[in-house]
Amino acid sequence: MAYQAEISRKNPGCFLFLVDQSESMEDPFAGAESGNGKRKAEELATILNKLIHNLSIRCAKSDSIYDYFHVGVLGYSEESCKPALGGELSGRSLVPISELAGKPLRIEERTKQSDDGTGGVVDQTVKFPVWFDPYWKGGTPMCAALKDATKVVETWCEEHPKGFPPIVINITDGEATDGDLVAEARKVTAVNGEDGSALLFNIHLSSTAGPSIELPGDASKLPDEHAKALFEASSTLTPFMVARATELGLPATENSRGFIFNAQPLHVIHFLDIGTRPANVRLR
Amino acid sequence: MKQATAANHCDIKAFCCPKSGNSAEEYEDAWAHRRAPIPAAVRVAVADGATESSFAKLWAVLLAESFVRSELADAEFFERLEPARRLWRRRLAGRPLPWFASEKAAQGAFAAFLGVQIDAHQNRWTALAVGDCCLLQVDNVGKRMRVVKAFPLQKSSQFTMSPYLIGSRSNGDLLDERIQISKGSLRDGDMLLLATDALAAWLLKQHEDGRPLWNWLYRKLGTPESFAAMVAYGRKNGLRNDDFTLVRVIHHESPVEAKER
């Protein structure tokens, strides 16, 4: 049965993020939670930083961090796609999570309100690592990005033939300018390891207002053709992912696709199992 | 004069091994047993530190030790965990941690817990549980050993990867709703097995599939090597990779070590 491989330091999982850095990402984001004039590119950067942050916390173990995952970020804009991590990680397609956690571009200090234990709230200073800043320019070569992703996951599967198949997460406003994204997406998900084929999820950040949609089983409620194409390009969730999504309060069914419209996708990194997760730890 | 002690009523053996691929230092379960201050009782505990939490081994040890050193065998035990929590915090205080480790430690450590008090005088047991460590009571009456009780989970299908666990930081969680308590009686020769989740689930599955290991556990399990052999067999037959802990208690109704003095 596919998608059963254990994720461990010896047999790590792989998340490859494809991030849209095209000019249209300058437009306002219409998502309910983060609207308020925020640009799509800013929302994308927030999402990506939070995903890497949460993944780092997930893998943290006592005073170290276990390399349960390798993570890559490819950015696409103008006419090309290239590795988008900066600083000491420039040019790298995939990086072990321990190295990523240890080398953010900078660590900011932010204030957040938290429970004071007696029913009140207190301001708390928290560290907010930043790996990725907003950027936008030129067209949307999403097909080129999917082509590059295919190469990266092919190499990964050759090097980790028994591992859990890689997961590619594309974050975009959905307007590809270089071809048929569904056809290119099929090539990514045709890459096979012994435990199944690579999975492709799409996070759609739109300027079109409307309710957020998470893990739909069909495209009937999606607002436009871009969303429908991204839905079509998205993999069906594995049974474990459906069960985990349900545990986390998401409306998943056996037909659910890895597609999210105008919502924070933080739950996605919990779709892979690395051991017992306390139900009483709140996701951030 | 004839004198019997509580320990005489129970033969207790504990077995453990780390997750395959991990070192012995990375084993995050804990177990403890001790003769309780009240007469003729023993207290046994197992705790299973959650993989997705930090400093979980320390918390599992503190929980198991707290139980066997306590006199409480009801929900109040969980209200008196502040000294253990304080000790957990103290062990981490002042430790220089990178940002991710510090943030993870701030969430606290988590563990599943099962504590059993065996009142040998009255041939009864009381068990407390939060999470998915399990107590399995198996009798030794007829030709086929029967499962008398499985607590707090009864079927292999009830185990999940996200149980509710006890945290090392009391953060307003409604623990009361998650505490499970059970009581039962014992007959001569009854076997109590306290097992962490993956092993308990597998033992129940073997039982459900008509391949119970009760007889083997009762009569053959005796050394670390025999436990390792069972785990090796299990790994080829559906046992999920995890840390494994099993405490086996065999109850003897008569004080077997009673001696004339």
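Select first H9(B), which lies in the loop between β1 (2–3) and β2 (10–17) of chain B. Helices (H or I, at least four residues) and strands (E, at least two) are DSSP runs, numbered from the N terminus. This is a predicted model, in which local features need pLDDT of at least 70, side-chain atom pairs count only at pLDDT 80 or more, and totals for chains, interfaces and linings use all residues. Residues are numbered from 1 along each chain as its sequence is written, while chains are lettered from A and ligands numbered from 1 in the order in which they are written.

Is H9(B) buried or exposed? H9(B) is buried, with 27 other C-beta atoms within 10 Å. A residue is called buried if 20 or more other C-beta atoms lie within 10 Å of its own, exposed if 12 or fewer, and partly exposed in between, with C-beta atoms placed from the backbone. Add A73(B) to the selection: the two residues are 64 residues apart along the chain, and their C-alpha atoms are separated by 19 Å.

**A helix pair in chain B**

Select next helix α1 (residues 56–69) of chain B together with helix α3 (residues 82–92) of chain B; they pack at an angle of about 150°, with their axes 10 Å apart. Axes are lines fitted to C-alpha atoms, for helices over the stretch in contact, and angles run from 0 to 180 degrees between N-to-C directions. α1(B) and α3(B) are therefore roughly antiparallel to each other. Angles under 35 degrees count as roughly parallel, over 145 as roughly antiparallel, 65 to 115 as roughly perpendicular and the rest as oblique. The crossing of α1(B) past α3(B) is right-handed; a crossing has this hand if the near helix is turned clockwise from the far one by less than a right angle, and is left-handed if anticlockwise.

To see the contact, display L58(B), W59(B), L62(B), L63(B) and S66(B) from α1(B), and A84(B), L87(B), W88(B) and R91(B) from α3(B). Two residues are in contact if their C-beta atoms, placed from the backbone, lie within 7 Å. The residues of this contact divide into 7 nonpolar, 1 polar and 1 charged. In these classes, Ala, Val, Leu, Ile, Met, Phe, Trp, Tyr, Cys and Pro count as nonpolar, Asp, Glu, Lys and Arg as charged, and the others, Gly among them, as polar.

**The core**

Which residues touch the most other members of the largest nonpolar core? Of its 164 residues, they are L48(A), A47(B), L63(B), A64(B), A111(B), L114(B) and L194(B). Such a core is a set of buried Ala, Val, Leu, Ile, Met, Phe, Trp, Tyr and Cys residues joined through C-beta atoms within 7 Å. Centre the view on L114(B): leaving aside residues up to four places away in sequence, L114(B) touches A45(B), V46(B), A127(B), A129(B), C133(B), C134(B), L135(B) and L194(B).

**Helices of chain A**

Turn to helix α3 (residues 142–159) of chain A and α4(A), which pack at an angle of about 5°, with their axes 9 Å apart. That makes α3(A) roughly parallel to α4(A). From α3(A), the residues M142(A), C143(A), L146(A), K147(A), A149(A), T150(A) and V153(A) meet L181(A), E184(A), A185(A), K187(A) and V188(A) of α4(A). By class, this contact has 8 nonpolar, 1 polar and 3 charged residues.

Keep helix α4 (residues 181–189) of chain A selected and add helix α5 (residues 225–233) of chain A; here the angle is about 20° and the axes are 9 Å apart. α4(A) and α5(A) are therefore roughly parallel to each other. Their crossing is right-handed. L181(A), V182(A) and A185(A) in α4(A) meet A229(A), E232(A) and A233(A) in α5(A).

**Backbone details**

Most residues other than glycine have a negative phi, and most peptide bonds are trans. Select S62(A), found in the loop between β2 (60–61) and β3 (64–65) of chain A; S62(A) has a positive phi of about 50° although it is not a glycine. In chain B, the peptide bond from F151(B) to P152(B) is cis, with omega near 0°. P152(B) lies in the loop between β8 (147–151) and β9 (166–167) of chain B.

**Last stop**

Finish at S56(A), in helix α1 (residues 40–59) of chain A. With 26 C-beta neighbours inside 10 Å, S56(A) counts as buried. Apart from residues up to four places away in sequence, S56(A) touches I65(A), I97(A), L100(A), A101(A) and F100(B).
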